[in-house]
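Ready for a short tour? Open your viewer, keep the sequence panel visible, and follow the stops one by one.

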Amino acid sequence: MSSKQPGATRAVPRCPVCGRPREERFRPFCSARCRDVDLARWLDGRYAIPVVESEPDGDDMLPEPDER
Ligand SMILES: [Zn+2]
């Protein structure tokens, strides 16, 4: 077996706002402007946060069973 790492493709970290290669001093963004844009989104409350939670669709109205 060769020492090949999975996902060894070294992609340049990109600015999550505009997708440009990010700048070290503004990381993880590319500029102060993008940093402000991202912050504004958060404060605005309309930032799409990917909720990764194993949630069964349908019966989330049911109360939790008593597991004390
Ligand atoms: Zn940017």
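Start by selecting helix α1, residues 32-44, in this predicted model. How far apart should the ends of its 13 residues be? At 1.5 Å a residue, the expected span is 18 Å, and the C-alpha atoms at the two ends are indeed 18 Å apart, so the helix agrees with expectation. The 1.5 Å is multiplied by one less than the number of residues, which is why the count of 13 leads to 18 Å.

Stay on α1 and look around it. Is this helix well covered or hardly covered? It is hardly covered, with a count of 1 buried residue among its 13. Now step just past the end of the helix to G45, which follows α1 and has a positive phi, near 80°.

Zoom out for a moment to see the whole chain. The protein chain has 1 helix and 0 strands. Of its 68 residues, 7% are buried. Among contacts with a separation of 6 or more, those between residues 24 or more positions apart account for 0%.

Next, select F29, in the segment before α1. Is F29 buried or exposed? F29 has 22 C-beta neighbours inside 10 Å, and 20 or more are needed to be buried, so F29 counts as buried. Show its contacts as well: leaving out residues up to four places away in sequence, F29 touches C15, V17, R22, C34, R35 and D38. Three of those names, C34, R35 and D38, carry numbers that fall in the range of α1, residues 32-44.

Now add C15 to your selection; C15 is also found in the segment before α1. Draw a distance between the C-alpha atoms of C15 and F29: the two residues are 14 apart along the chain, yet these atoms are separated by 4.4 Å. C15 is buried because 20 other C-beta atoms lie within 10 Å, and 20 is the cut-off. Which residues does C15 touch, not counting those up to four places away in sequence? They are R20, R22, P28, F29, C30 and C34.

Move along to P28, in the segment before α1. Look at the peptide bond joining R27 and P28: it is cis, with omega about 5°.

For the last stop, select R14, which is found in the segment before α1. The C-alpha atoms of R14 and P28 are separated by 7.4 Å, with the residues 14 apart along the chain. R14 has 14 C-beta neighbours inside 10 Å, so R14 counts as partly exposed. Setting aside residues up to four places away in sequence, R14 touches G19, R20, P21 and R22. Keep R20 and R22 highlighted, since C15 touches them, and R14 touches them too.

Definitions and conventions. Residues numbered from 1 in each chain as written. Predicted model: local features only at pLDDT ≥ 70, side-chain atom pairs only at ≥ 80, totals over all residues. Helix = DSSP H or I, 4+ residues; strand = E, 2+ residues; numbered from the N terminus. Buried ≥ 20, exposed ≤ 12 C-beta atoms within 10 Å, placed from the backbone. Contact = placed C-beta atoms within 7 Å.
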